[in-house]
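Visitor: I would like a close look at one part of this model, the place where the two protein chains come together. Please take your time over it, and then set it in its wider surroundings.

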Number of protein chains: 2
Amino acid sequence: MKKMSIKAVAETLKISTATVSYILNGKAKEKRISEELTKRVLAYVEENNFKPNHLAKSLRTGKTNVIGLIVEDIADPFFASVAGNIENIAYENGYKIIYSSTKNNPVKAKELINTFRERNVDGYIITPTEGLENDITQLINSGLPVVLFDRNCTDIDVSYVGMDNFDSAYKAVKHLISKDYKNIALITLDSSQAQMIDRLLGYEKAVYEKRIPSIIKKFEYSSAKVNNITEEIEQFLIENPSVDALFFATNYLAISGIELLNRKRIKIGKDIGIMVFDDNDLFRIHQPSISAVAQPITEMSKQLINTLLMHMENTDKYDAQEYIMPASIIIRDSSSKEEIA
Amino acid sequence: MKKMSIKAVAETLKISTATVSYILNGKAKEKRISEELTKRVLAYVEENNFKPNHLAKSLRTGKTNVIGLIVEDIADPFFASVAGNIENIAYENGYKIIYSSTKNNPVKAKELINTFRERNVDGYIITPTEGLENDITQLINSGLPVVLFDRNCTDIDVSYVGMDNFDSAYKAVKHLISKDYKNIALITLDSSQAQMIDRLLGYEKAVYEKRIPSIIKKFEYSSAKVNNITEEIEQFLIENPSVDALFFATNYLAISGIELLNRKRIKIGKDIGIMVFDDNDLFRIHQPSISAVAQPITEMSKQLINTLLMHMENTDKYDAQEYIMPASIIIRDSSSKEEIA
DNA sequence: TAGATTTGCTTAATCATTTAAGCAAATCTA
DNA sequence: TAGATTTGCTTAAATGATTAAGCAAATCTA
């Protein structure tokens with residue numbers, strides 16, 4: 001099977017490449033190609049299963065039909081889930097997705113944006129690291145469609161899909177308070193990212209309102225130190241013996257924390273209340289089950305890809321849109337003081 | 001900032017595009033371009049941050065520097081983890097990755113292979129569905145680099161990276177037997193995929209050897225029915241009251257199973273032994289913790305991408321290679337009859 | 001029936017590269 | 001010093017599409 005091209009097709013049918021191109025792009029009528037010829041060409045193309053070369057097309061039109069997905073870590077279940085969810089809609093619309101992980105490293109994030117630009121991706125979905133404002137602004141100024149998610153860059157006018165971190169943190173803590181926990185500690189990251197700050201503020205609003213103490217443990221935001229999370233939480237609990245509930249601001253802090261509590265035979269729910277940001281199979285199955293703030297992943301993903309598609313259709317003006325979706329607080333055993341059978 | 005091209009660079013420097021191209025591709029010496037001019041061009045390019053258009057390059061050379069990753073489901077933690085692991089090495093070698101999920105649907109899998117072909121990806125990493133042999137053979141016959149993983153197509157000569165399903169199933173069941181479980185049921189899928197058959201054979205070898213009964217529950221392989229896994233397992237346990245241990249051939253069957261056991265207050269480890277294929281945070285953290293056969297994800301991913309890179313460097317002959325990596329059996333509480341505190 | 005309009009295409013430039021082939025000028029060789 | 005070789009580039013074709021502009025032939029109009 002020799003390689004086919006529009007030129008080859010045109011030659012065999014003894015017509016010009018322009019004609020073939022117009023027909024294949026559905027412009028036959030517009031270009032007044034006779035119906036008879038149109039049919040003949042389409043039949044031939046169908047029969048020989050000819051597909052125009054995508055690279056040549058992209059080179060000429062400047063469109064690659066590729067979306068660049070830049071997340072913190074594709075291996076993280078949350079981001080993987082988003083990747084899976086956006087894939088369907090993207091493919092349905094003729095787009096493929098190329099992914100990459102920043103590992104929360106601003107230098108890497110900048111590089112990724114650049115390589116994606118070099119690759120001429122048509123649109124960007126980004127979970128920004130800190131200090132990425134300029135690069136994102138540049139994309140937008142160059143007329144490129146961008147949607148941020150999970151974490152926002154509040155100081156630039158860019159589309160964003162995320163959830164209401166402030167309100168859901170507030171509600172989650174209020175729930176713990178309603179279950180009679182009185183010394184609720186927030187275990188979080190020392191990060192200036194908007195979503196982390198919102199979670200902290202939501203926590204503080206709830207504890208201030210009820211005049212209970214604000215107890216906060218901040219972890220340094222560096223993946224290198226992941227290993228001693230357990231030790232640090234242990235130390236923290238020793239230093240703060242009054243703490244009777246833990247509100248984890250991220251999934252992986254919670255996993256380490258739960259591991260520690262189990263090891264120390266501290267009874268989750270009874271001895272200590274637990275609430276976690278981001279749900280996970282683990283929390284549902286765990287005995288006792290773990291209460292969590294669940295992000296509406298499916299809805300967020302849909303909104304994400306649809307917003308991007310919208311931007312890609314209207315590249316003339318960038319009309320930034322924000323979608324802050326509500327989370328749901330899933331109440332399970334870990335935030336109830338009753339004895340668990 | 002107007003758009004730059006090799007042509008534009010050549011014009012400003014008053015030289016030909018060929019010269020610029022040779023220099024940018026490191027062929028200056030080979031093409032006898034003077035060192036002085038080479039330096040001048042490189043300096044100019046550096047200063048103006050010029051990057052040659054990737055599309056034009058790809059069109060001309062036929063190389064896109066893109067790898068196509070076709071997995072069952074990118075949202076699955078196992079595949080997401082592989083995606084994350086191969087990303088590093090791929091990017092280090094100048095390759096980007098475009099992913100897609102077959103959802104185990106052969107029709108979709110075929111379509112994906114075709115769209116990836118149309119996109120001129122340079123290499124394929126595939127977890128094949130059933131009935132994909134022809135399509136994969138075609139890729140190889142067209143001189144395209146392919147590596148399969150997780151599940152093999154035994155009847156074609158193609159590179160494969162996976163783990164020793166037979167041996168690890170055998171060892172896992174032997175472990176259960178050693179812990180004095182005597183009626184070990186295999187909970188698996190009704191699939192003709194090699195890895196599923198191997199797991200079953202490993203199970204059977206172990207039970208036949210010890211002359212204990214072979215009890216097998218096969219689920220229909222269709223994602224549509226996922227919802228009633230729990231009910232079916234419940235039914236199965238009622239029909240087979242003698243069963244004292246469950247060996248789950250896949251992760252998600254296990255999750256449903258564990259959920260059921262917890263709900264029915266059946267004490268894992270004590271009342272019933274559990275062993276699972278594919279480890280997961282969940283199993284480590286669960287109380288009691290769940291024994292699992294852990295795939296060597298990092299090593300497999302490395303082997304996977306390196307094998308593909310090897311094929312991409314030697315496109316003249318396809319020299320199929322198989323890597324069957326050993327799994328490790330992680331023994332936890334769920335396969336011990338001792339009372340758990 | 002002559003001029004205008006429409007029909008149904010084609011011509012050729014363009015997108016931004018790569019690379020085989022070519023060609024003066026400079027240098028070497030004998 | 002004439003011929004051969006080397007140096008240091010350039011020319012131009014090719015990759016495979018899209019699309020504005022053009023152009024005969026057919027049809028319409030008055």
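Guide: In E2(B), B:Ile98 is the bridge partner of A:Ile98, in a model that is predicted. The two strands concerned, strand E2 (residues 96-101) of chain A and E2(B), pair in the antiparallel sense, and three bridges make up that pairing.

Around this pairing, the contact takes 36 residues from chain A and 36 residues from chain B. On the side of chain B that touches chain A, at least two residues each are supplied by H4, helix H5 (77-92), strand E2 (96-101), helix H11 (251-263) and helix H12 (281-285) of chain B. The largest share of that side comes from H5(B), with seven residues. By class, the residues of the side of chain B that touches chain A divide into 17 nonpolar, ten polar and nine charged.

H4 of chain B, one of the elements on that side, also belongs to the surface near DNA strand D, where helix H2 (17-24) and helix H4 (54-61) of chain A and helix H2 (17-24) and helix H4 (54-61) of chain B each supply at least two residues. There are 28 residues around DNA strand D, and those that come nearest are A:Ser5, A:Ala18, A:Ser21, A:Asn53 and B:Ser34. In composition, the surface near DNA strand D has twelve nonpolar, ten polar and six charged residues.

For DNA strand C, the residues around it number 29, of which A:Ala18, A:Ser34, B:Ala18, B:Ser21 and B:Asn53 come nearest. Two or more residues of the surface near DNA strand C are given by each of H2 and H4 of chain A and by each of helix H1 (6-13), H2 and H4 of chain B. This surface divides into twelve nonpolar, ten polar and seven charged residues.

H2 of chain A, which contributes to the surface near DNA strand D, also has residues that are buried, namely A:Thr19, A:Val20 and A:Ile23. These three lie on the same side of H2(A), because the arc they cover around the axis is only 100°. Among the elements that cover the buried residues of H2(A) are helix H1 (6-12) and helix H3 (35-47) of chain A. After H2(A) comes A:Gly26, which has a positive phi, near 70°.

Turning to chain A as a whole, one finds 13 helices and twelve strands. Its radius of gyration is 26 Å, whereas the globule rule gives 20 Å for 341 residues, so chain A is more spread out than a compact globule. Taken along the principal axes, the box that the C-alpha atoms of chain A fill is roughly 85 × 45 × 35 Å. Of the 341 residues of chain A, 43% count as buried. Among the contacts in chain A that link residues at least 6 apart in sequence, 70% join residues at least 24 apart.

One residue of chain A serves as an example of such surroundings: A:Gly162 is placed in strand E5 (residues 159-163) of chain A. A:Gly162 is buried, because 23 other C-beta atoms lie within 10 Å, and 20 or more suffice for a residue to count as buried. Leaving aside residues up to four places away in sequence, A:Gly162 touches A:Phe149, A:Asp150, A:Asn152, A:Gln195 and A:Ile324. From C-alpha to C-alpha, A:Gly162 and A:Ile329 are 16 Å apart in space, with their positions 167 residues apart in sequence.

Methods: Residues are numbered from 1 along each chain as its sequence is written. Chains are lettered from A and ligands numbered from 1 in the order in which they are written. This is a predicted model: local features need pLDDT of at least 70, side-chain atom pairs count only at pLDDT 80 or more; totals for chains, interfaces and linings use all residues. A residue is near a molecule or strand if its C-beta atom, placed from the backbone, lies within 6 Å of it. Helices (H or I, at least four residues) and strands (E, at least two) are DSSP runs, numbered from the N terminus. Ala, Val, Leu, Ile, Met, Phe, Trp, Tyr, Cys and Pro count as nonpolar, Asp, Glu, Lys and Arg as charged, and the others, Gly among them, as polar. A residue is buried if 20 or more other C-beta atoms lie within 10 Å of its own, exposed if 12 or fewer, and partly exposed in between; C-beta atoms are placed from the backbone. The arc is that of the directions from the helix axis to the C-beta atoms. Two residues are in contact if their C-beta atoms, placed from the backbone, lie within 7 Å. Two strands pair if DSSP finds at least two bridges between them. The radius of gyration is taken over C-alpha atoms; the globule rule is 2.2 Å times the number of residues to the power 0.38.
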